[in-house]
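Here are three short exercises to work through with the model open beside you. Try each task before reading its solution.

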Amino acid sequence: GYSSTRMSSKLPPGGRLVTIEVDCYHAAIARSVLELSGMSPRVEVWIGHSENLIPRLMSRFGPNCVHAIFFDQKGTRYHDDLDMLEDGLLAEGAFVC
């Protein structure tokens, strides 16, 4: 919730942020923090595994919709997730960290 609150506060007008949480408990905390900060209208908290949710970005937002990506998940999903994003989701000049 803290990272998404900070990032969403810097979005341009009309900007949207999607955060993916595996754990329902963490998602509830994130939603509460976003609500308290006033940022909840700008952020969608999706619950599930990245390999299942990243492909849904295309149908929800269209091609080249990802302008920035912040990976903070555990494990070895970084390369697999980045490969999925590079398959038509990353916008030109996207920021990846």
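**Exercise 1.** In this predicted model, classify Cys97 by its relative accessible area, then find out how far away the nearest cysteine sulfur is.

*Solution.* Start with accessibility: Cys97 has a relative accessible area of 43%. That value lies between the 20% and 50% cut-offs, so Cys97 counts as partly exposed. For comparison, take Cys24, whose relative accessible area is 52%; this is over 50%, so Cys24 is exposed. Next, search the whole structure for disulfides: the result is zero. For Cys97, the nearest cysteine sulfur belongs to Cys65 and is 17 Å away. A disulfide needs the two sulfur atoms within 2.5 Å, so Cys97 is in no disulfide.

**Exercise 2.** Describe how helix α3 (residues 50–61) packs with helix α4 (residues 78–86).

*Solution.* First, the geometry: the axes are 10 Å apart, at an angle of about 15 degrees. Angles under 35 degrees count as roughly parallel, so α3 and α4 fall in that class. Their crossing is right-handed. Then list the residues that meet: α3 brings Ser50, Glu51, Ile54, Pro55 and Leu57, while α4 brings Asp81, Met84 and Leu85. Sorted by class, this contact has five nonpolar, one polar and two charged residues.

**Exercise 3.** Where is Gly88 placed, and which residues is Gly88 in contact with, leaving aside neighbours within four places in sequence?

*Solution.* Gly88 sits in the loop between α4 and β4 (90–96). With a relative accessible area of 28%, Gly88 is partly exposed. Its contacts beyond those neighbours are Met58, Pro63 and Asn64. For Asn64, 24 residues away along the chain, the C-alpha separation from Gly88 is 5.7 Å.

Technical notes: Residues numbered from 1 in each chain as written. Predicted model: local features only at pLDDT ≥ 70, side-chain atom pairs only at ≥ 80, totals over all residues. Heavy atoms only, no water. Buried < 20%, exposed > 50% of the residue type's maximum accessible area, 1.4 Å probe, protein only. Axes fitted to C-alpha atoms, helices over the stretch in contact; angles between N-to-C directions. Helix = DSSP H or I, 4+ residues; strand = E, 2+ residues; numbered from the N terminus. Parallel < 35°, antiparallel > 145°, perpendicular 65-115°, else oblique. Left-handed = near helix turned anticlockwise from the far one by under 90°. Contact = heavy atoms within 4.5 Å. Nonpolar A, V, L, I, M, F, W, Y, C, P; charged D, E, K, R; others polar.
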